[in-house]
Amino acid sequence: MQIQPLTKWIDYDKQQGPLVIAGPCSAESLDQLLITGQSLKKSGQVSMLRAGVWKPRTRPNCFEGLGPDALPWLDHLRQVTGLPICVEVGSPGHVEAALSAKIDVLWIGARTTTNPFLVQDIANSLKGVDIPVMVKNPINPQLALWLGALERMEQAGITKLAAIHRGFSLFDGGPLRNPPLWRIPIELKRLIPKLPIICDPSHICGSRTKIEEICQQALDLGMDGLMIESHHNPDQALSDRNQQLTPAKLNSMLKRLITKREYTDDQQFDSKLEDLRNKIDHLDREIIELLHRRMEVVSKIGDAKIKKRVTVLQLHRLEDLMRKRREIADQVGLNPDFASELYTLIHEESVRVQTGLAHTPTVQ
Ligand code: PEP
Ligand code: MN
C-alpha cells in the first residue's frame with residue numbers, strides 16, 4: 001500500500017509524543033465548539049480537532065447530529081484555532097457536504113466500516129480527491145473488514161490513510177463499552193507497517209474512568225496517535241456524555257502519559273536487550289522441542305485408541321487436564337487464563353494429530 005506518514009499531512013512534532021486529536025463527540029453549537037476548541041488549542045498538546053456532525057446511533061430517537069448546519073461552525077473553528085478539523089462521513093452525500101465545507105480530514109465510523117457497499121460508495125465519491133481518511137475498525141472483531149475498507153480507500157487513490165482502533169462491540173464487554181483486542185491492530189500493523197494507527201480510548205471505555213489506562217496501553221504498544229472526546233461541559237453533552245473529558249482534565253491526563261519510542265541509540269541498553277532476547281530464543285527452542293516430544297506421545301495415544309476403538313475426544317480427561325494446567329500455572333505464578341488459552345490450542349493440535357485431520361489455519 002502506498003501510504004504517507006502522518007507528519008506529511010498533519011503539522012505535529014513526532015518527537016514530542018503521539019498525535020493527539022480531540023474535540024466533542026458531536027458538534028452542538030458554535031459556542032460549545034469555540035469554548036472546547038480554544039481550550040484544547042491553548043493546551044498546546046492537541047494537533048487536530050474532531051466533532052461529529054452526522055452521528056450514527058445504534059437506537060433511534062437519540063441525538064443524531066445537526067447535519068450540514070454545523071459545518072460552517074467547523075470552518076469558523078478552524079479559522080479561530082488554526083487547527084485542522086476532522087469529521088465522520090457515512091455516505092457520499094456526507095463526503096460532498098464535508099468537502100464543500102473544506103473539512104481537512106474525514107473519518108469512517110465503526111458502523112460504516114462494517115458495510116462494504118457503503119465503504120465502496122464513499123471510496124467512489126473520493127476518487128481524485130486528495131484528502132486524508134482515517135478508518136475506524138468495524139464494530140465486530142474482524143480484521144478482514146477493517147483491511148477491506150482501507151484497501152477500498154487506497155484503490156480510490158487515497159494515500160493519506162490512518163486506522164483508528166476504537167475497540168469491538170462484544171456481547172459481554174465487561175466494564176468497557178468496546179473492549180480493545182490489541183492483537184487485531186497489532187496484526188494490522190504487521191501487515192501494513194507504514195499505516196499509522198490511532199487509538200480512540202473514549203469509545204473503548206464508554207466512561208471517563210479508564211481512559212488514561214487505555215491511552216497508556218496504546219502508547220506502550222507504539223500506537224501513533226490518540227483520538228479523545230472532549231467537551232467543555234460533559235454532563236450536558238448531547239451524546240456520549242459519560243466518556244467525554246473537559247479540556248482541562250484531558251490536558252492534565254496527557255501530561256501524565258509516558259511516551260515511548262520503538263528504538264533508542266543507547267548501546268548499553270541495546271546489548272542488555274539482546275542478551276535477554278537470546279535467552280528467550282533459547283527458551284523458545286526448548287518449548288518447541290518439548291511440544292514436538294509431547295505430540296509424539298499424543299500420536300502413540302492416538303494409535304492405542306484406534307486399536308481399542310476409543311474416541312479421540314474424552315471430555316472428562318480434557319476437563320481434568322485444563323484444571324490441572326491452570327493449577328500448575330497458578331503455582332508457578334503464570335496467568336491461569338493464559339494457560340487455558342495455550343492448552344486449548346495445544347489440545348486442538350493433539351486432536352488433529354490423533355484424527356489425522358489436515359491443519360486448517362484460522363482466518364481473521
Ligand atoms: C464517534 O467517534 O463519535 C463515533 C460515533 O465513533 P464510532 O464509530 O467509533 O462508534
Ligand atoms: Mn462519540
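Trainee: How far apart do domain 1 and domain 2 lie?

Mentor: Their C-alpha centres are 41 Å apart. Domain 1 covers 6–256 and domain 2 covers 267–358, bounds that come from an automatic or database domain assignment. Keep in mind that this is a predicted model, where local features need pLDDT of at least 70 and side-chain atom pairs count only at pLDDT 80 or more. Residues are numbered from 1 along each chain as its sequence is written, and ligands from 1 in the order in which they are written.

Trainee: What makes C25, H203, E229 and D240 donors of the manganese ion (ligand 2)?

Mentor: Donors are N, O and S atoms within 2.8 Å of the metal (3.2 Å for Na, K and Ca), and water is not among the atoms, so sites may look incomplete. Here C25 (SG), H203 (NE2), E229 (OE) and D240 (OD) lie 2.1 to 2.4 Å from the ion, so they qualify. H203 sits in helix α8 (201–205) and D240 in the loop between β8 (225–229) and α10 (247–256), so the pair ties together parts 37 residues apart in sequence. Helices (H or I, at least four residues) and strands (E, at least two) are DSSP runs, numbered from the N terminus.

Trainee: Why is H203 called buried?

Mentor: Buried means under 20% relative accessible area, exposed over 50%, partly exposed in between (1.4 Å probe, protein chains only). H203 has 8%, so the label fits. D240, at 15%, counts as buried too.

Trainee: And what about M1: why is M1 partly exposed?

Mentor: M1 has 36%, which falls between the two cut-offs, so that's the label.

Note on methods: Heavy atoms only, no water.
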